[in-house]
Amino acid sequence: MKGDEYYTIAKFYDGIVGKVNDTAEYIKVNIKRYNPGTKTLLELGCGTGLNLSSFHNNFDVTGIDISGKMLSIARKKN
């Protein structure tokens, strides 16, 4: 099944990718600038939910990923 290649690395993914998330800050700045009324966010290829965890307090977030294991971790975070 597609996404199974992430099964082994899913629990280490955040440690490899890193906790500091410049992408999330960039997105926040641009939402505030271009569409400050935004209430929902959809992330395609959300992985472990690293970006989503930066938004779930202020937005209704949804993440989609091909890896069930990555989604499992994202659900626990968010």
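A contact here means heavy atoms within 4.5 Å. This is a predicted model, so local features need pLDDT of at least 70 and side-chain atom pairs count only at pLDDT 80 or more, while totals for chains, interfaces and linings use all residues. Residues are numbered from 1 along each chain as its sequence is written, and side-chain values use heavy atoms, with hydrogens and water left out.

**View 1. The whole chain, with its elements in order.** Residues 24 or more positions apart make up 52% of the contacts in the protein chain that have a separation of 6 or more. The chain has 3 helices and 2 strands, which run α-α-β-β-α from the N terminus on. Helices (H or I, at least four residues) and strands (E, at least two) are DSSP runs, numbered from the N terminus. Of the 78 residues, 33% count as buried; buried is under 20% relative accessible area, exposed is over 50%, and partly exposed is in between (1.4 Å probe, protein chains only). About 5600 Å² of the chain is exposed, with carbon and sulfur atoms supplying 55% of it. Those areas come from the Shrake-Rupley method with a 1.4 Å probe, and for residues only the protein chains shown count as cover.

**View 2. A nonpolar patch on the surface.** Tyr6, Ile9 and Ile66 make a nonpolar surface patch of about 250 Å². Patches take residues with over 30% relative accessible area and no salt bridge, joining like charges within 9 Å and nonpolar side chains (Val, Leu, Ile, Met, Phe, Trp, Tyr) within 5 Å. A salt bridge, in turn, is a side-chain nitrogen of Lys or Arg within 4 Å of a carboxyl oxygen of Asp or Glu. Ile9 sits in the segment before helix H1 (13-17) and is partly exposed at 34% relative accessible area. Ile66 is in the loop between strand S2 (60-64) and helix H3 (68-77), and is partly exposed too, at 49%. From Ile66 to Cys46, 20 residues away along the chain, the C-alpha atoms are 9.0 Å apart.

**View 3. Two tyrosines in the segment before H1.** Tyr6 belongs to this segment, and so does Tyr7. Tyr6 is partly exposed, with a relative accessible area of 32%, whereas Tyr7 counts as exposed at 54%. Leaving aside residues up to four places away in sequence, Tyr6 touches Ser67 and Met70. The C-alpha atoms of Tyr6 and Gly47 are 9.1 Å apart, with their positions 41 residues apart along the chain. For Tyr7 and Ser67, 60 residues apart along the chain, the C-alpha separation is 7.3 Å.

**View 4. Phe55, with a ring on one hand and a charge on the other.** By the ring-pair rule there is 1 aromatic pair. The rings of Phe55 and Phe59 have centres 6.0 Å apart and planes at 65°, so this one is edge-to-face. The rule pairs rings of Phe, Tyr and Trp (its six-membered ring) with centres within 6.5 Å; planes under 30 degrees apart are stacked, over 60 edge-to-face, and the rest tilted. Both Phe55 and Phe59 are buried. The charged end of Lys28 sits over the Phe55 ring, 5.8 Å from its centre; that takes NZ of Lys or CZ of Arg within 6 Å of the ring centre and within 35 degrees of the ring normal.

**View 5. Asp60 and its partners.** Asp60 lies in strand S2. Not counting residues up to four places away in sequence, Asp60 touches Lys39, Thr40 and Leu41. Asp60 and Thr40 are 20 residues apart in sequence, with their C-alpha atoms 4.6 Å apart in space.
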